[in-house]
Amino acid sequence: METQRPKAALPGQWNPGHTTHALRGDYSHVRPDFTLDQPLARYTDAEQDRWRRLYARQIELMPRYAVKEFLDSIEELDVSGGIPDFARVNRKLGRLSGFQIVAVPGLIPDDQFFAHLANRRFPVTWWIRNESELDYLEEPDVFHDFFGHVPLLAHPIFADYMVDYGKAGPHAVAQNAMPLLSRLYWYTIEFGLIRGGDGLRVYGAGILSSRGETVYSIDSDVPNRIAFDLERVLSTEYRIDAYQESYFVIDTFDQLFAETHKPFAPLYERLRNLPAIAPNAVLPRDRVLHRGTISERPQ
Ligand code: HBI
Ligand code: FE
C-alpha cells in the first residue's frame with residue numbers, strides 16, 4: 001500500500017460545466033451526444049502493457065475485497081489481456097443487462113451523462129492514464145470507468161439502478177438539487193460498500209479501480225462506516241481529492257434499488273436548505289458499523 005496518501009481516483013464529479021481545469025480529452029470530434037468511435041488503433045503497446053499491469057495488480061485484491069457480483073462479472077468480461085474492445089464487450093453486456101458502453105473523450109456535461117444512463121448506455125473514457133498516474137489521476141480514464149464501473153453494469157438490479165439514476169437527473173436539475181443527487185452517486189456508485197454473507201465488501205467504482213482505497217475502505221480504522229440511509233447520504237458532503245472519510249454500507253442491491261424509488265421531490269425540498277453534513281461526521285441517529293478515528297477531527 002502506498003506510503004503517501006494518494007488522492008482517490010476522481011470519478012466523474014467534475015464535468016465541462018464546472019470543472020476548475022481544462023479537461024484533457026479531445027472533444028473536437030465528438031458527436032452531439034459526446035460519443036466517438038473507440039480509436040482502437042491508437043492504443044500503443046506501452047498503453048496495452050499499462051492496462052495489463054493495472055488489471056493484474058487490481059484483480060489480485062478482488063477476491064478479498066470486491067462484492068461477489070463484481071468478481072463473477074469481471075471474469076466473464078475476460079479483459080485481462082489488454083484495453084477492452086468496447087464493441088466486443090457490448091455484445092456480452094447487451095445479453096446480460098441490456099447495457100451498452102459508449103466511448104467518450106472524458107467527463108461530459110451532466111445532462112448528456114444522465115441521458116446516456118437513462119437509455120442504458122454507460123459513457124467510458126477511451127484513453128488510459130500515464131505511467132506517472134498509476135495510483136491517482138484527476139479524471140476518469142478507461143481503467144477507472146471500465147474496471148470500476150462496467151462489471152456491475154452486467155448485474156440486472158444494479159443496471160436498473162443506474163438507469164433510474166439517469167432518469168432522476170433532470171428532475172434534480174429542475175429542482176436545483178443536483179448537489180444532493182451527486183452525493184447519492186458518489187456514496188453508492190463510486191464509493192459504496194455492501195455487507196453480505198461474506199462480510200464487508202466493495203461495490204463502488206472509485207474504490208474498485210484504486211489499489212490504495214480498496215484496502216483502506218475495508219481495513220483502515222480511519223474512516224467511518226455507516227449503514228446506508230437515503231436522507232443521510234443526500235445531506236453529506238464528500239471529498240474529491242482524498243480517500244473518503246465516511247463510507248455508507250448497504251445490505252443488498254435490492255435495498256439500494258428500493259431506496260431510490262421513494263419520491264425525491266419532498267426530500268429535496270426539505271434537505272436542500274439544511275446545512276450539509278461534514279464528510280467525517282458521525283451523528284447520534286447513525287447506525288454506526290465503525291466509528292473512524294477521522295470522526296475525532298474537528299469538522
Ligand atoms: N461524465 N464521462 C463522465 N463520467 C461520469 O461519471 C460523469 C460525467 N459527467 C457528470 C458526472 N459524472 C456526475 O456529475 C454525475 O453525478 C452526473
Ligand atoms: Fe466513475
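Here are three short exercises on this predicted model, each with a worked solution.

Residues are numbered from 1 along each chain as written, and ligands are numbered from 1 in written order. Local features need pLDDT of at least 70, side-chain atom pairs count only at pLDDT 80 or more, and hydrogens and water are left out of side-chain values.

**Exercise 1.** Find which residues coordinate the iron ion (ligand 2), and place them in the chain.

*Solution.* Start with the donors, meaning N, O and S atoms within 2.8 Å of the metal (3.2 Å for Na, K and Ca). His144 (NE2), His149 (NE2) and Glu190 (OE) coordinate the ion at 2.0 to 2.2 Å. Next, read their spacing in sequence: H-x4-H-x40-E. Histidine 144 sits in helix H6 (residues 142-153) and glutamate 190 in helix H8 (residues 178-190), 46 residues apart; helices are DSSP runs of H or I, at least four residues, and strands are E runs of at least two, numbered from the N terminus. Finally, both histidine 144 and glutamate 190 are buried (under 20% relative accessible area; exposed is over 50%, partly exposed in between; 1.4 Å probe, protein chains only).

**Exercise 2.** Describe the surroundings of glutamate 133.

*Solution.* First, locate glutamate 133 in the loop between strand E2 (121-125) and H6. Then check accessibility: glutamate 133 counts as buried because its value is 13%. Last, a polar atom of its side chain lies 2.7 Å from the backbone nitrogen of asparagine 130.

**Exercise 3.** Work out where asparagine 176 lies and whether it is buried or exposed.

*Solution.* Asparagine 176 belongs to the loop between helix H7 (156-174) and H8. With a relative accessible area of 59%, asparagine 176 is exposed. Its phi is positive, near 55 degrees.

Technical notes: Polar contact = N/O pair within 3.5 Å; in protein donor to acceptor, adjacent residues only side chain to side chain.
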